[in-house]
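This note is intended for a colleague who is meeting the structure for the first time. The points below take up the surroundings of the ligand and then a sheet with its helix.

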Amino acid sequence: MSSAAPVVWARTVAEVQRTLAAASRSGTPVVTRGAGTGLVGGADAGPGTIVLDLSRMNRVLGIDPVDGVARVEPGVVTAALDRAAAAHGLMYAPDPGSVTTCTIGGNVATNAGGLRGAKYGVTRDSLLALDVVLADGTLLHAGHDTVKGVVGLDLVGLIAGSEGTLGVVVGATVRLLPRPLRTATAVAYFATAVEAAAASAALATAGVRPAVLEFLDGKTLRAIDGLRGTGHADRGDALLLVQTDGFGAEEELEVAAAVLARSAQEVTTATDPAAAAELFAARRDALPAIEAKGPVLIEDIAVPRSRLAEAVAGVAAIAAATGADVYVFAHAGDGNLHPIIRSGPGDATRAAEEIFALALKLGGTVSAEHGVGLVKRPWLERELGPGALDLQRRIKRLFDPAGILNPGKAI
Ligand SMILES: Cc1cc2nc3c(=O)[nH]c(=O)nc-3n(C[C@H](O)[C@H](O)[C@H](O)COP(=O)(O)OP(=O)(O)OC[C@H]3O[C@@H](n4cnc5c(N)ncnc54)[C@H](O)[C@@H]3O)c2cc1C
C-alpha cells in the first residue's frame with residue numbers, strides 16, 4: 001500500500017461491510033468521513049489509513065408522517081432531510097451551523113447540536129434506531145423503530161457521539177416533529193456581555209422555552225459591523241437573539257421580551273419571516289466575520305446555564321491576561337459558548353487551555369457539540385476521571401478488538 005490514504009467511496013452497505021472486513025483482516029486503520037466539516041480533526045487520516053467516504057450514500061429512504069419518522073442513509077445532507085420532512089409538514093430539528101453541508105452520519109457520530117437545540121435538544125434526542133457496521137464487517141440494527149422501546153441497553157445513545165470509533169453508521173431512523181406554523185423573533189442589545197448572559201439565564205425561570213437563544217459579544221458585533229457595514233455595536237456591547245415557535249409563539253415571545261427588557265438597552269421584535277431573517281443575519285455572519293480577520297481556533301465549551309455570566313466574564317479575563325484576541329458567541333440556551341481565538345495575537349494556545357480549565361472549574365465540559373477528535377484528547381482524563389475513561393476504552397476494545405476504527409481519536 002502506498003503511503004497516501006486510499007479512499008473508498010461506498011455506495012452500499014455491502015461495500016462498507018466488505019471494506020471493514022478486509023481492513024480488520026489486514027489490521028488497516030479506517031477513518032469514516034461524511035462531509036468533512038468536523039472541527040476537531042475527527043476525520044483526519046494519516047498515511048496507511050483507509051478513508052471510508054459515505055457522502056454518496058445520500059438517499060432519504062422513506063418518511064412516515066403517521067409514525068413521525070424518516071429512514072435515511074448516512075450521507076444525506078442534514079438540510080436535505082429537513083427539506084424532505086417539510087414536504088410532509090414535518091421538521092428534522094437538529095440544525096448545526098453547517099446544516100447545508102454536513103451529513104446525518106457525521107451528525108450522529110459527533111452528536112451534533114445546533115441553533116434549535118435550546119428547545120429540541122441534540123442529534124441523540126432525535127434518534128430512534130441506527131444501522132451500524134462493526135469493525136469485523138457485521139451489520140447491527142441498534143435501537144427501536146418505534147417512538148418508545150426499552151428492551152436492551154441503549155446502544156444508539158452509546159454510538160451517538162462516538163466519532164467513528166465504535167462502528168460505521170450506515171443508516172438511521174430519526175424522529176420528525178410537526179413543523180411549527182408560527183415563529184416570533186426578538187433581538188435585545190445590552191450594555192455589557194455579562195448582563196446579556198445573565199438575562200439569558202433569567203429566561204430559564206420565566207416559564208418560556210425559546211427554540212433559539214443565541215448570544216453574541218461586543219467584539220463579535222464589531223467584527224460583523226466591519227464585514228457588513230451594520231451598526232450593531234452602536235446599539236450595545238452584546239446581543240441576544242431569541243426565537244419562539246409553535247401555536248403560542250407570539251405570546252411566548254412577549255413574555256421573553258418583557259424579561260429581556262428589564263436589563264436590555266433595546267429590544268426589537270419581528271413576526272414576519274423576512275424581518276426575522278434580518279434579525280438572524282447577525283448570528284449567521286458571526287463566524288465568517290471573525291474568520292475574515294485571519295485563522296482562528298474555534299472552541300466549544302459548555303457550562304451550566306446558571307453560570308453562563310461567570311463563563312463570559314472568565315473568558316474576557318483570560319483574553320486580557322494572555323493578550324489573545326478572543327470573540328465569544330454562544331448557544332446561550334444550552335450554556336454552550338464558542339470562544340473564537342485568533343491565531344497570532346498574544347498566547348492563543350494558553351488562552352485555549354485556560355478556557356478549558358475554566359469550563360471544568362464551572363462544572364462544565366471542554367466540548368459541548370464539536371467532539372473530542374484529535375484536539376481535545378489531552379483533556380479526556382481530566383474531565384472524565386481515570387475510572388470512566390478506562391471503562392470507555394474497554395468498551396472500545398469490545399466493539400473494535402483490532403483497534404482499526406479511527407484509532408487515536410475521541411476515546
Ligand atoms: C461553519 C460550521 C458551523 C458548524 N456548526 C456546528 C454546530 O452548530 N453544531 C455542531 O455540533 N457542529 C457544528 N459544526 C461542526 C460539524 O459540522 C459537525 O461536527 C458535523 O456533525 C460533522 O458532520 P460531517 O458530515 O461533516 O462529518 P465529518 O467531519 O466528515 O466527520 C466528523 C466525525 O464523524 C465521523 N463520522 C462521519 N460519518 C460517520 C459515519 N457514517 N459513521 C461513523 N462515523 C462517522 C468521522 O470519522 C469524524 O470523527 C460546524 C462546522 C462548521 C464548518
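How many residues surround the ligand, and which are the closest?

1. The model under discussion is a predicted one. In this model the ligand is surrounded by 34 residues. The closest of these are Gly-34, Gly-38, Gly-42, Gly-105 and Gly-106.

2. As to where the shell around the ligand comes from, the elements that contribute two or more residues are strand 2 (30-33), helix 3 (104-110) and strand 9 (168-175). Helix 3 provides the largest share, namely five residues.

3. The composition of this shell may also be stated. Its residues comprise 18 polar, 13 nonpolar and three charged.

4. Strand 2 also belongs to an open sheet of three strands, arranged in the order 1-3-2 with parallel pairing. Strand 1 (7-9) and strand 2 each have a single partner strand and stand at the edges, so one side of each lacks a neighbour in the sheet. On average, neighbouring strands of this sheet are turned by 20 degrees against each other, direction ignored.

5. Within the sheet, three bridges join strand 1 to strand 3 (residues 50-53) in the parallel sense. Val-8 has Leu-52, in strand 3, as its bridge partner.

6. Which strands does helix 1 touch where it packs on the sheet? Helix 1 (residues 13-26) touches strand 1, strand 2 and strand 3. The direction of helix 1 makes about 165 degrees with that of strand 3.

Conventions:
Residues numbered from 1 in each chain as written. Predicted model: local features only at pLDDT ≥ 70, side-chain atom pairs only at ≥ 80, totals over all residues. Near = placed C-beta within 6 Å. Helix = DSSP H or I, 4+ residues; strand = E, 2+ residues; numbered from the N terminus. Nonpolar A, V, L, I, M, F, W, Y, C, P; charged D, E, K, R; others polar. Pairing = 2+ DSSP bridges. Axes fitted to C-alpha atoms, helices over the stretch in contact; angles between N-to-C directions. Contact = placed C-beta atoms within 7 Å.
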